[in-house]
Structures are given as C-alpha cells and as structure tokens.
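Q: Got a minute to go through this model with me? I'd like to poke at a few spots and see what comes out.

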Amino acid sequence: MLGVVVTLADICGYYQDSKSVDLMGSLSKMKPKDVVVTRDGKRETLEPAKLVPGVICEPTTGMALTADLRVIQCTLGMEVDNSSLAGESDALKRDWNSSNETPPESPNMCFFGTLIVNDKGQGMLIATGDETFMGRTVL
C-alpha cells in the first residue's frame, strides 16, 4: 500500500514539474521584443531594458510598446490599441501633429503597454519604467 502511495506521489510530482517547466518556457517567450532605434544617426536594435528617453523608436504593426513615446512621423493609417490603459476597444489613429489635449488623449502620444495595430511610424521616447504614464498611474 505504501508503495502505491509513493508511486502516485512521484507521478504527481513529475507532472507538476513538467507543467512548471512548460509555464516558464512560455513566460520566457513573452519577453518584449527588441526595438529598432535611431541613436546618433545610426539605426540599431536594443533590448527594451536599454531604452532611454531621447532615442528615436520605430514602432510597427504588432509591436507592444515598452516605453512612452511622442509620435514625430507616421503613416496616415497608424493606429494604437489603448485598451490596456483606457479599456477602449477601438484602435485609435495616431498623428504626428501636436495637440492641446491631455497626454492620454493626445493623438501624437503612444504609451507603454499599448499595441500598434496598424502601420508604422517614428517616435521619440519620453519615458521608461516607472516614469511612464502606466508606471505613474500604478504608483
């Protein structure tokens, strides 16, 4: 009887270990993708952790933003999904023109945690980490 209990405990332990390994593998795939930036006139690819305010970032379709940025150039159809910030289900058009609206509503701003759903553009990083709109809202 004891042998059966020990065997069942080992099988359950093995199953749980394999599930946790699978979970850790899937979490590592969620690591933010590297970002194409222009710094000192040179294009390069950086890890999101190495981004600093002032560099020019090139957001494209499918990119999850890892910092706040001010759009300085974009295609006419550039759209951002701000549902993680505002709960708004519709993608919002972005524009490089400045505006007098508050930053969360301004069409020339894109924020950490949002997703580029259409087209591409260029933007200057203005905040990273806890200094982002999301970081300040949470803190």
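Q: Is Arg43 buried or exposed?

A: Arg43 is exposed, at 60% relative accessible area. Keep in mind that this is a predicted model.

Q: And what does the Arg43 side chain meet in a salt bridge?

A: Glu58, with 3.3 Å from N to O. The two sit in distant parts of the chain, 15 residues apart: Arg43 is in strand E2, while Glu58 is in the loop between strand E3 (56–57) and E4.

Q: What about Glu58, buried or exposed?

A: Glu58 has 16% relative accessibility, so it counts as buried; the cut-off for buried is under 20%. That pairs a buried Glu58 with an exposed Arg43.

Q: How many salt bridges does the structure hold?

A: There are 2. Besides Arg43 with Glu58, Glu44 forms one with Arg39, and the closest N and O atoms there are 3.6 Å apart. Glu44 is partly exposed at 29% relative accessible area, and Arg39 is partly exposed with 29% too.

Q: OK, switching to the sheet. What's the strand order?

A: It runs E2-E1-E3-E9-E4-E7, an open sheet of 6 strands with antiparallel pairing. Strand E2 (42–46) and strand E7 (109–110) are the edges, each pairing on one side only.

Q: What holds strands of a sheet together, generally?

A: Backbone hydrogen bonds, and the strands can run parallel or antiparallel.

Q: How many bridges join E4 to E9?

A: 6 bridges, between residues 68–74 of E4 and residues 121–127 of E9, running antiparallel. One pairing to look at is Leu69, whose bridge partner in E9 is Leu125.

Q: Where else does Leu69 turn up, say in the lining of the largest cavity?

A: Yes, Leu69 and Leu125 both line that cavity, along with Leu51, Cys57, Met63, Leu65, Thr66 and Ala67. The volume of the largest cavity is about 30 Å³, and the count of cavities of 30 Å³ or more comes to 1.

Q: How is empty space like that found?

A: A probe the size of a water molecule is rolled over the atoms, which shows where empty space is left.

Q: And pockets? How much space lies in the second largest one?

A: About 160 Å³. Its lining includes Asn82, Leu85, Ala86, Glu88, Lys93, Arg94 and Phe133. Helix H2 (83–86) and strand E6 (92–93) each supply at least two of the lining residues.

Q: New topic: which residue in the loop between strand E1 (35–39) and E2 should I look at?

A: Try Asp40, which is in that loop. Its phi is near 55°, a positive value in a residue other than glycine. Most residues other than glycine have a negative phi. Asp40 is also exposed, with a relative accessible area of 75%.

Q: What is the phi of Asp119?

A: Near 65°, so to speak another positive value in a residue other than glycine. Asp119 is in the loop between strand E8 (115–118) and E9, and at 30% relative accessibility Asp119 counts as partly exposed.

Q: Last one: which residues form the nonpolar patch on the surface?

A: Met1, Leu2, Val5 and Val6, with about 470 Å² of accessible area together. Val6 is in helix H1 (residues 2–29), and Val6 is partly exposed with a relative accessible area of 43%.

How values were computed
Residues numbered from 1 in each chain as written. Predicted model: local features only at pLDDT ≥ 70, side-chain atom pairs only at ≥ 80, totals over all residues. Heavy atoms only, no water. Patch = residues over 30% accessible without salt bridge, like charges linked within 9 Å, V, L, I, M, F, W, Y side chains within 5 Å. Areas by Shrake-Rupley, 256 points an atom, 1.4 Å probe, with all protein chains shown as cover. Salt bridge = Lys/Arg side-chain N within 4 Å of Asp/Glu carboxyl O. Helix = DSSP H or I, 4+ residues; strand = E, 2+ residues; numbered from the N terminus. Buried < 20%, exposed > 50% of the residue type's maximum accessible area, 1.4 Å probe, protein only. Pairing = 2+ DSSP bridges. 1 Å grid on protein atoms, 1.4 Å probe; cavity = no way out; pocket = protein on both sides within 12 Å on 5 of 7 lines; lining within 4 Å. Points joined across faces, edges and corners; volume = space filled by probe spheres on them.
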